Every structure is written in structure tokens, then in C-alpha cells.
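Student: Could you take me through one part of this model slowly, and then show me how that part fits in with what surrounds it? I'd like one connected story.

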Amino acid sequence: MPELPEVETVRRTLAPAVGLRVLEVWTSGLPLRLNHPVPTAALRDATLGRTIEAVRRWGKYLLIDLCDRLVPGPASMLVHLGMSGRLRLMDASQPRPAHTHVALALAAGRARTPTVELRYSDPRRFGVVDLVVRGQERAHPALAGLGVDPLHDGLTGELLYTASRGVRRGIKLFLLDQGVLAGVGNIYASEALWVARIRPGMQARLLTRPRAEALAQAVHEVFARALEHGGTSLRDFVNADGLEGENAHYLHVYDRAGQPCPRAECGQLIRRTVVQGRSTFHCPRCQRR
DNA sequence: AGACAAACCTGTCTGC
DNA sequence: TGCAGACAGGTTTGTC
């Protein structure tokens, strides 16, 4: 479900959790991605009695930093939302959503009674909840191979140009490669290629310098637009407050097969194709090459 | 290197 | 109303 703009929206809406202390840790015991169980005991060790110091994002991963006033906390809770994962901050008296797998009960200051819970729910269990050592994020296999994060690292045309030399795969698959760019998923790959007027199946190695520049700009543009609208909710996505994003109304081509291309002078009908088993949308006139 | 399929798991929508 | 089948925003793994 969630790509960079959705994960960043969750990160921002988790701000009220910063400064709260973990009083209890609960897990469902069910395994998540690749049959990996949530490391309950280690999670307790790393979080109980500690305070949420910050929430960071790396590509589609969230890092919830924990520390103790006396003992500097070396741990962060690593979360990936997979397809159907939700991270929500809810009143502790509210019932837990179906398919909740992790709940951290939180309280302000010295309070002994939790007021809110940070809850991870995920019906399809394609997500990840794990622990990483702060400062050694790259030691975690999920983070070891991650490429450039467009929001922090300044994605440039030069980077796309360099990374795409010799790559015979289609440019859409190249954009989806998290080892090149961390954060682009299936929706925004189609969106960025439409903005940059590039055909999704074009071999990545054929990217010219000017077109690489246009594509880098396009990724920035579609991400900024999605962030303004709080992310794209086609089915499952909600932010930490449980609110849907509005960006589905503003998509150019994704899920718009048969509708006219939004470029006023074009009007050609948007086409859906399947690339590596995944829906891909483009305008056959604007994106000829 | 990369194309391709299948796998993980549940919910929702479509068509008969 | 029921039921089978297709499909879903992600990632990994195995085969060719």
C-alpha cells in the first residue's frame, strides 16, 4: 500500500507520540513478512520504560527511536507497512483494530496509566516490525541495500543517469528498485513517468541526461503533490490519526485506464498494461519513447 | 544481469 | 444471496 509519501504522512502524524514513555508492550504472536515473528522479548527490552525520542523515515521504512534519560537508548523500532499495514496512535480506551500485531501503551511524564497506544495492524502480514541499533542501521538486512531517499538525499538527474548505465530492464522497474531509489512504489512510478513523458517499458540504459533530469524532477513533483494531499488512499491507507489521504483525486494516470490523458492538448485515452505482474498506466501519445 | 512466476496473507470487488 | 475468481499500494526467492 504505502509508498514514500504515505509513510512520510504517517511519520508526521506520529509527532504527538514523541516524548511519551512506553509502559506496556503487547504482541499478537503471529509472524509477519517471510514468516518472521515480531521479536517480542527484545522489543520489551528495547522499549519498556523508555521514551520515544523521534520518528525517522528511510525510504518506506519508519524508525521509532527510543531512549532513556539515564541510559542513552541504542535501539529503534523498525516498521515497514507492507501492503496493508497501519500504524495508528489511538486512545488506549478504544478497542484495538482487527489484525493488530503490536501495541505500545504510552503515557506522558511519570504517569502510571497509559493514555494512548501506538498500534500496528496488518491483515495481510506483509509488513515488518523489528529492532535496529541506532547508528548501525545499515547492519540490518532490510536497510543495508537501500538507495537514495529522494526527500533527504536530494535525488538528481545525474544520479539516475549514472545508475541506469547498462541497465536493460524497463525504466519503470528501474524506478521501483529500492536499491537505486528508496521510496518509489507502483503508483508513483507510473505518475512520475507520465510527468516526465517517458514510456514505462523504455530500457533504462536509453535514458539521456536531459530525460534523467526530467525524471528526477518528476519524482520530486509527484511526491510533493502527494504529501500536500496527505498521501493516496485507494483502499487501505490511513495516517496515524486514522484519516485517509486525498491524493487519489489528484493522480494523473494511476487507476485511470480509459480516461482521457489530463494534458488538455492530448486527450488520448490512458492505457493499462501489466509489467512484472503489476498494473502500469501511461498515455500512449505523451509517452511514446 | 534480468525475465518471470510464485510465494507470503486477507479483504474486497466483480461477474455469473 | 452465494460463490468462485481476480485483484490489491510490497518484497523475497527460485528457476531459467
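Tutor: Let's start where α7 stops: Arg197 follows this helix, and the phi of Arg197 is positive, near 60°. Keep in mind that everything here comes from a predicted model.

Now step back into α7 itself. The helix is mostly covered, with 10 of its 10 residues buried. You can tick them off as you look: Asn186, Ile187, Tyr188, Ala189, Ser190, Glu191, Ala192, Leu193, Trp194 and Val195. So what do these buried residues of α7 pack against? They pack against three helices and a strand, namely α1 (4–13), α6, α8 and β10 (278–282).

That packing leads us to the middle of the protein. In soluble globular proteins, nonpolar side chains tend to be buried together. Here, the largest nonpolar core has 43 residues, and Leu160, Ile171, Ile198, Leu207 and Leu215 touch the most other members. At least two core residues come from each of α5 (157–163), α6 (171–176), α7 (186–195) and α8 (209–228). The largest share belongs to α8, which gives 8 residues.

Pick out Ile171 to see what this looks like up close. Leaving out residues up to four places away in sequence, Ile171 touches Leu193, Ile198, Arg199, Pro200, Met202, Ala204, Leu207 and Leu215. Leu193, one of those partners, is also on the list of buried α7 residues. There's a second, separate core too: it has 31 residues, including Val79, Leu106, Val129 and Ala240.

Val129 gives us a handy link to a loop. Pro39 touches Val129 and Asp130, again not counting residues up to four places away in sequence. You'll find Pro39 in the loop between β1 (20–27) and α2 (40–47). Pro39 is partly exposed, because its relative accessible area is 23% and buried means under 20%.

Let's go back to α7 and look towards the DNA. Of the 24 residues around DNA strand C, Thr232, Arg235, Tyr254, Arg278 and Ser279 come nearest. Sugar and phosphate make up 56% of the strand C atoms that come within 4 Å of the protein. Zoom in on Thr232, and you'll see one of its backbone N or O atoms 2.3 Å from a base nitrogen of DNA strand C. Ser279 reaches a phosphate oxygen of this strand instead, with a polar side-chain atom 2.4 Å away. The elements giving two or more residues to this surface are α7 and β10. By class, the surface near DNA strand C divides into 8 nonpolar, 8 polar and 8 charged residues.

What about DNA strand B? The residues around strand B include His99, Pro123, Arg124 and Arg235, and Arg235 is also one of those that come nearest to strand C. For strand B, sugar and phosphate account for 68% of the atoms that come within 4 Å of the protein. An N or O atom in the side chain of His99 is 2.6 Å from a phosphate oxygen of strand B. Arg124 goes for a base: a polar side-chain atom of Arg124 lies 3.0 Å from a base oxygen of DNA strand B. The surface near this strand has 4 nonpolar, 3 polar and 5 charged residues.

One last thing to check is the cysteines. The structure holds 0 disulfides. Take Cys286, which is buried with a relative accessible area of 10%. Its closest cysteine sulfur is in Cys261, and because the two sulfurs are 3.7 Å apart, they are too far for a bond.

Note on methods:
Residues are numbered from 1 along each chain as its sequence is written. Chains are lettered from A and ligands numbered from 1 in the order in which they are written. This is a predicted model: local features need pLDDT of at least 70, side-chain atom pairs count only at pLDDT 80 or more; totals for chains, interfaces and linings use all residues. Side-chain values use heavy atoms; hydrogens and water are left out. A residue is near a molecule or strand if one of its heavy atoms lies within 4 Å of it. A polar contact is a pair of N or O atoms within 3.5 Å; within protein, one must be able to donate a hydrogen and the other to accept it, and residues adjacent in sequence count only if both atoms are side-chain atoms. Ala, Val, Leu, Ile, Met, Phe, Trp, Tyr, Cys and Pro count as nonpolar, Asp, Glu, Lys and Arg as charged, and the others, Gly among them, as polar. A disulfide is a pair of cysteine sulfur atoms within 2.5 Å. Buried means under 20% relative accessible area, exposed over 50%, partly exposed in between (1.4 Å probe, protein chains only). A nonpolar core is a set of buried Ala, Val, Leu, Ile, Met, Phe, Trp, Tyr and Cys residues joined through side-chain atoms within 4.5 Å. Helices (H or I, at least four residues) and strands (E, at least two) are DSSP runs, numbered from the N terminus. Contact means heavy atoms within 4.5 Å.
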